[in-house]
Amino acid sequence: MRRLFLALAVLLAPAAVLTACASDDPESLSLEDAVGQMLLIGFRGETLDDETKAMLKEIAPGAVILFDYDAPSGGEQVRNIVSPEQLMALTAAMQQASERPLLIAIDAEGGFVNRLKADYGFEVQLPSHLKLGEGTPSQTATLAGASARQLSDLGINWNLAPVVDVNVFPDSPAIGYWERSFSDDPDAVADHAGAFARAHHDHGVVSTLKHFPGHGSAVGDTHLGVTDVTDSFVRDDELAPYRRMIDDGYDDVVMTAHVVNRNLDPSARPATLSRPIVTDLLRGELDFAGVILSDDMQMGAILEEYSLEAAAIEAIKAGVDIILIANQNTYDIDHVHRIKAAIVTAVEQGEISRQRINESVERILALKRKYGLFD
């Protein structure tokens, strides 16, 4: 697999030079291109055909997310992942076709949340967070490092993991039930998550702490609808892994949750749309300086109460840097166009300042520079 990847890299070297020449200054980007950098989008296609290439050129996203299974069609439609060779060719083609380097993301938590299955020919199979948590942080670092190396070899430079939700409610339908939490001990969560993130960094893969401010106590699932953790959230414990990792220098990405927590925001807005949670708590109190990513904006917890356009605008006002439109709960590329157009219009009409956009874009481009994407 390594030899094939190196061969692809040599073939695409001229494209890499062009990508490196693209401007990484937010002030020099058009408004449309700047907003594009703030989008993480999902799409169908195991190859970069002309239709997909045209779509990516028009939207000009800063990031894409890949899946092995197309949920909206029940698997009838092909998604993005068939084999290691196919996936390497796809990621290389996307980078070649993009004017600016892409963050190419995947959910590679391990266990049940695994897009790179053995059935497709992928060699590294990472255990669930819960099983990793039963071992030592050193063991987690070794196993996560093998997974990160596989991602890097495939041309994937962003993992939407680790999960740092504390296992407050082990039967939580979105977290505990699926073994997505390392432990019910906040210190153990921080130890294993730190080892996981450092292993990814060592292999040139961006990591993501999720789901802020904490989803581990939820009795509901934000994929399906509004989920209120006001009465179950254990503030000190659930914030502890974030606090400790940020204090230790973590500055990659934090993903917000769509949970409602009226103790943190009396307005009962989902955390993703809450300035008291995103800006005051995460940026202010915890002093996080990296990129803030929304959870998927097509999830029930958002769409039950907001339009896509309104939710994206409110998320940016709250302090979110990247808007995720996974196209997995429903598939409609027009949703991406609508969100991008709504953000552009909000800036043009003065609802969001261009300076606010530039702040997010600078953080995104700084992350890309940090991981060598402009080299």
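## A tour of buried pairs and hidden spaces

Start by selecting Arg243, which is partly exposed because its relative accessible area is 31%. Before you go on, keep in mind that this is a predicted model.

Now add Glu285 to your selection. Its side chain meets that of Arg243 in a salt bridge, 3.1 Å from N to O. Glu285 sits in helix α10 and Arg243 in helix α9, so you're looking at a link between distant parts of the chain, 42 residues apart. Glu285 has another partner to click on: Arg235, with a salt bridge at 3.3 Å, N to O. Arg235 is in helix α9 too (residues 235-247), while helix α10 covers residues 275-285, and this pair is 50 residues apart. Glu285 counts as partly exposed at 41% relative accessibility, and Arg235 is partly exposed at 33%.

Why do such pairs form? Side chains of opposite charge can pair when their charged atoms come close. A search of the whole structure turns up 24 salt bridges.

Next, select Arg180 and Glu109. Their side chains form a salt bridge at 2.7 Å, N to O. Arg180 is in the loop between β6 (158-159) and α8 (186-202) and Glu109 is in strand β4, so the pair ties together parts that are 71 residues apart in sequence. Are these two buried or exposed? Arg180 counts as buried at 11% relative accessibility, and Glu109 counts as buried at 1%. Add Asp107, Arg115 and Lys210, and you have a network of salt bridges that also includes Glu109 and Arg180.

Glu109 takes you to the next stop, since it helps line the largest cavity, along with residues including Val113, Leu126 and Gln150. That cavity holds about 60 Å³ of space. Strand β4 gives the largest share of its lining, three residues. The lining as a whole divides into five nonpolar, five polar and one charged residue.

Arg180 leads to the second largest cavity, where the lining also includes His211, His215 and Asp295. This cavity has a volume of about 30 Å³, and its lining has three nonpolar, four polar and two charged residues.

Now for the outside: select Phe112, Tyr177 and Trp178, which make a nonpolar surface patch of about 360 Å². Phe112 is in the loop between β4 (108-110) and β5 (113-114), and is exposed, with a relative accessible area of 51%.

Finish with Leu29, in the loop between α2 (13-21) and α3 (31-37). Leu29 is buried, at 4% relative accessible area. Select Asn358 as well: the two are 329 residues apart in sequence, but 9.2 Å apart in space, C-alpha to C-alpha.

Terms used
Residues are numbered from 1 along each chain as its sequence is written. This is a predicted model: local features need pLDDT of at least 70, side-chain atom pairs count only at pLDDT 80 or more; totals for chains, interfaces and linings use all residues. Side-chain values use heavy atoms; hydrogens and water are left out. Patches are made of residues with over 30% relative accessible area and no salt bridge: like charges are joined within 9 Å, nonpolar side chains (Val, Leu, Ile, Met, Phe, Trp, Tyr) within 5 Å. Accessible areas come from the Shrake-Rupley method with a 1.4 Å probe; for residues, only the protein chains shown count as cover. A salt bridge is a side-chain nitrogen of Lys or Arg within 4 Å of a carboxyl oxygen of Asp or Glu. Helices (H or I, at least four residues) and strands (E, at least two) are DSSP runs, numbered from the N terminus. Buried means under 20% relative accessible area, exposed over 50%, partly exposed in between (1.4 Å probe, protein chains only). On a 1 Å grid over the protein atoms alone, a cavity is a set of points where a 1.4 Å probe fits but cannot get out, and a pocket is an open set with protein on both sides within 12 Å along at least five of seven lines; lining residues have an atom within 4 Å of a point. Grid points are joined across faces, edges and corners, and a volume is the space filled by probe spheres set on the points. Ala, Val, Leu, Ile, Met, Phe, Trp, Tyr, Cys and Pro count as nonpolar, Asp, Glu, Lys and Arg as charged, and the others, Gly among them, as polar.
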